[in-house]
Amino acid sequence: MKYVIIVFSAFLLVACKKQKETVSGSAPADSLHITKDTASIGPSSGNILVGTIPFPKEIKECSCYFAASKSDFENERYIYADDAGKTAYMMLDGKRLAMNLISSSDMEVDELLTKEIENDDYKISVKGKKIKGEEALLFEGTLTIEKPDGTTFTTPIYGECGC
């Protein structure tokens, strides 16, 4: 019986050792392959695709919403909307996102509008100047989007803020 246990233990030791060699021998090939795939995907992920959104149903009261041009604004092709202080909505890289506003300027103090929005994937900055003020305030400016990898996208914006 002792010999059976010793032979069985030796067999397990050899079997475990062979499995370890096989795993360690194939790991570098897989790692190299993954690295190669990631490198080939890199350049195409350098773009930031900004899509249009309908006016968000979540916004019930005061809001700011912008399009890439006056024509797009008049045709309700918005690229950005927020509920004037809490949540911003955008379509980025094919996904509709609801992001928390980090900061927003008080538009009553001066004629400049600034907003900062940030999540794990994007840092967004909205800057505008009031061009007309009635019940709703019209603004022209720029919207800048940055990714952690350094990719940046800037577009002109035209839109309004009001209640």
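Me: Which pattern do the disulfides of the protein chain follow, with bonded cysteines counted along the chain?
Reply: The model is a predicted one. The disulfide count comes to 2. One disulfide joins Cys62 to Cys163, and Cys64 and Cys161 form another. Counted along the chain, the bonded cysteines give the pattern 1-4, 2-3.

Me: How many residues apart in sequence are the parts that the pair of Cys62 and Cys163 ties together?
Reply: The sulfur atoms of Cys62 and Cys163 are 1.8 Å apart, and the link is right-handed, with 100 degrees about the S-S bond. Cys62 lies in the loop between strand 1 and strand 2 and Cys163 in the segment after strand 9, so the separation in sequence of the parts tied together is 101 residues.

Me: Is Cys163 buried or exposed?
Reply: Exposed requires over 50% relative accessible area. Its partner in the disulfide, Cys62, has 25% relative accessibility and therefore counts as partly exposed. Cys163 has 76%, so the class of Cys163 is exposed.

Me: Which strands do Cys64 and Cys161 lie in?
Reply: The sulfur atoms of Cys64 and Cys161 are 2.0 Å apart, and this link is right-handed, with 120 degrees about the S-S bond. The pair links distant parts of the chain, 97 residues apart: Cys64 and Cys161 lie, respectively, in strand 2 and strand 9.

Me: Are Cys64 and Cys161 buried or exposed?
Reply: The test for buried is a relative accessible area under 20%. Both Cys64 and Cys161 fall in the class buried.

Me: How far apart in space are Lys60 and Cys163, C-alpha to C-alpha?
Reply: Lys60 is found in the loop between strand 1 (50-51) and strand 2 (63-67). With 70% relative accessibility, Lys60 counts as exposed. Although Lys60 and Cys163 are 103 residues apart in sequence, their C-alpha to C-alpha distance is 9.4 Å.

Me: Which residue has its backbone oxygen 3.0 Å from a polar atom of the side chain of Lys60?
Reply: The polar atom in question belongs to the side chain of Lys60. At 3.0 Å from it lies the backbone oxygen of Lys57.

Me: The side chain of Asp82 is joined by a polar contact of 3.1 Å to the side chain of which residue?
Reply: Asp82 lies in strand 3 (residues 78-82) and counts as buried, at 0% relative accessibility. Beyond its neighbours within four places in sequence, Asp82 is in contact with residues including Ile59, Cys62, Cys64, Thr87 and Leu101. The polar contact of 3.1 Å joins the side chain of Asp82 to that of Lys115.

Me: Which strand supplies the largest share of the largest nonpolar core?
Reply: The largest nonpolar core has 22 residues, of which Phe66, Tyr80, Leu92, Ile124 and Val126 touch the most other members. At least two residues of this core come from each of strand 2, strand 3, strand 4 (87-92), strand 5 (95-104), strand 6 (112-118), strand 7 (123-133), strand 8 (137-146) and strand 9 (152-162). The largest share, 4 residues, comes from strand 8.

Me: How many residues are in the other core that lies apart from the largest one?
Reply: In the largest core, Phe66 is among the residues that touch the most other members. Leaving aside neighbours within four places in sequence, the contacts of Phe66 include Tyr80, Leu113, Val126, Phe139 and Cys161. Apart from the largest core lies another, with Tyr65, Ala67, Phe73 and Tyr78 among its members, and its size is 10 residues.

Me: Where in the protein chain is confidence highest?
Reply: The average pLDDT of the protein chain is 79, and 69% of the residues score at least 70. Confidence is lowest in helix 1 (residues 2-41), with a mean of 48. Residues 17-45 have a pLDDT below 50, and this stretch has 2 contacts in the model beyond near neighbours in sequence. The highest confidence, at 97, is in strand 3.

Me: What is the phi of Glu76, approximately?
Reply: Glu76 lies in the loop between helix 2 (70-74) and strand 3. Its relative accessible area is 56%, so Glu76 is exposed. Glu76 is not a glycine, yet its phi is positive, at about 60 degrees.

Me: What is the phi of Asp93, approximately?
Reply: Asp93 is found in the loop between strand 4 and strand 5. A relative accessible area of 25% makes Asp93 partly exposed. Asp93 is not a glycine, and its phi is positive, at about 50 degrees.

Methods. Residues are numbered from 1 along each chain as its sequence is written. This is a predicted model: local features need pLDDT of at least 70, side-chain atom pairs count only at pLDDT 80 or more; totals for chains, interfaces and linings use all residues. Side-chain values use heavy atoms; hydrogens and water are left out. Buried means under 20% relative accessible area, exposed over 50%, partly exposed in between (1.4 Å probe, protein chains only). A polar contact is a pair of N or O atoms within 3.5 Å; within protein, one must be able to donate a hydrogen and the other to accept it, and residues adjacent in sequence count only if both atoms are side-chain atoms. Contact means heavy atoms within 4.5 Å. A nonpolar core is a set of buried Ala, Val, Leu, Ile, Met, Phe, Trp, Tyr and Cys residues joined through side-chain atoms within 4.5 Å. A disulfide is a pair of cysteine sulfur atoms within 2.5 Å. pLDDT is the predictor's confidence in each residue, from 0 to 100.
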